Amino acid sequence: MSVDLTKLEQHLASRSYVEGYTPSQADVTVFKAISAAPAAATNPHVARWYNHIKSYTVEHASLPGSSTAGEAFIGGASAAPAAATEEEEEIDLFGSDDEEDDAEAERIKAERVAAYNAKKANKPKTIAKSVVTMDVKPWDDETDMVALEKAVRSIEQDGLVWGASKLVAIGYGIKKLQITLVVEDEKVSTDELQEKIAEFDDYVQSTDIAAMQKL
């Protein structure tokens, strides 16, 4: 059986999967029915979907759901209803189960969406952090660097952790404090932190961010 690529292309133009919001057996069914990778030039959405589902190859057998939704895109899958007898069609006019089937499909879809949202909500949120190397320059060679570092480390804030430090010579007998710190990006602004350090103007001439790297 072949896949109706035109129908599938239209379907995937506004969707990521054949059914639902995660890969399922419906995707696997259609994927396996496609004999070769679709051309991106003629069916860009199908090509994108095909490559994505292909990346799940080792998990195909364990993906959830059923193949029912996928069968609608495979040639011959809808032939049986078309070949129904007039008597069967007449019976459908008086006692169709379509509405019940639609209601059941909507219920299953709603359950899957709810399960997906619950799983997403329960997933631990990744806390973005950065490692920062800051240079703190004194006024001159007579500045008490021990007192300067003590003042800098006196700044305490949620999401801020001070690390190692060292004195680095910058010329004329003057040394700057180079200190490492880890910050939670959502809680600590390096600009505001530099402003706080600048308030120790008895010791601090200026500050610079020498390096910054995401953890």
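**Close-up views of a predicted model**

**Figure 1. The salt bridge between K187 and E184.** K187 pairs with E184 in a salt bridge whose closest N and O atoms are 3.4 Å apart. This contact, like those in the views below, is taken from a predicted model. The two partners differ in their cover: K187 is partly exposed, with a relative accessibility of 41%, whereas E184 is buried at 17%. E184 counts as buried because its value falls under the 20% limit.

**Figure 2. A salt-bridge network that includes E104, R107 and E111.** Salt bridges with shared partners connect E104, R107 and E111 into one network. Within this network, the side chains of R107 and E111 form a salt bridge with an N to O distance of 2.3 Å. R107 and E111 both belong to helix α7, where they stand 4 residues apart, which means that about one helical turn separates them. R107 is partly exposed, at a relative accessibility of 38%. E111 is likewise partly exposed, at 45%.

**Figure 3. The salt bridge between D135 and K176.** D135 and K176 form a salt bridge, and their closest N and O atoms are 2.9 Å apart. D135 is located in strand β1, which covers residues 129–138, and K176 in strand β3, which covers residues 174–184; the pair therefore ties together parts that lie 41 residues apart in sequence. Both ends of this contact are buried: D135 has a relative accessibility of 7%, and K176 has one of 13%. In general, side chains of opposite charge can pair when their charged atoms come close. The structure holds 9 salt bridges, including the one between D135 and K176.

**Figure 4. The stacked aromatic pair of Y21 and Y116.** The structure contains 2 aromatic pairs. In the pair shown here, the ring centres of Y21 and Y116 are 6.4 Å apart and the ring planes meet at 20°, so the pair is stacked. The angle qualifies as stacked because it is under 30 degrees. Y21 sits in the loop between α1 (5–12) and α2 (25–33), while Y116 is part of helix α7 (residues 98–122); the pair therefore ties together parts that are 95 residues apart in sequence. Y21 is partly exposed, with a relative accessible area of 48%. Y116 is also partly exposed, with a relative accessible area of 32%.

**Figure 5. A negative surface patch that includes E192.** D191, E192, E195, E199, D201 and D202 form a negative surface patch. One of these residues, E192, lies in helix α9, which spans residues 190–198. E192 is partly exposed, with a relative accessible area of 48%. This value places E192 in the partly exposed class because it lies between the 20% and 50% limits.

**Figure 6. The overall arrangement of the protein.** The protein has 9 helices and 4 strands. Starting from the N terminus, its elements follow the order α-α-α-α-α-α-α-β-α-β-β-α-β. Of its 215 residues, 27% count as buried. Among the residues shown in the close-up views, D135, K176 and E184 are buried. By contrast, Y21, Y116 and E192 are partly exposed.

Key:
Residues are numbered from 1 along each chain as its sequence is written. This is a predicted model: local features need pLDDT of at least 70, side-chain atom pairs count only at pLDDT 80 or more; totals for chains, interfaces and linings use all residues. Side-chain values use heavy atoms; hydrogens and water are left out. Patches are made of residues with over 30% relative accessible area and no salt bridge: like charges are joined within 9 Å, nonpolar side chains (Val, Leu, Ile, Met, Phe, Trp, Tyr) within 5 Å. Accessible areas come from the Shrake-Rupley method with a 1.4 Å probe; for residues, only the protein chains shown count as cover. A salt bridge is a side-chain nitrogen of Lys or Arg within 4 Å of a carboxyl oxygen of Asp or Glu. Lys and Arg count as positive and Asp and Glu as negative; His and the chain ends are not counted. The place of a charge is taken as NZ of Lys, CZ of Arg, CG of Asp or CD of Glu. Helices (H or I, at least four residues) and strands (E, at least two) are DSSP runs, numbered from the N terminus. Buried means under 20% relative accessible area, exposed over 50%, partly exposed in between (1.4 Å probe, protein chains only). Rings of Phe, Tyr and Trp (its six-membered ring) pair if their centres lie within 6.5 Å; planes under 30 degrees apart count as stacked, over 60 as edge-to-face and the rest as tilted.
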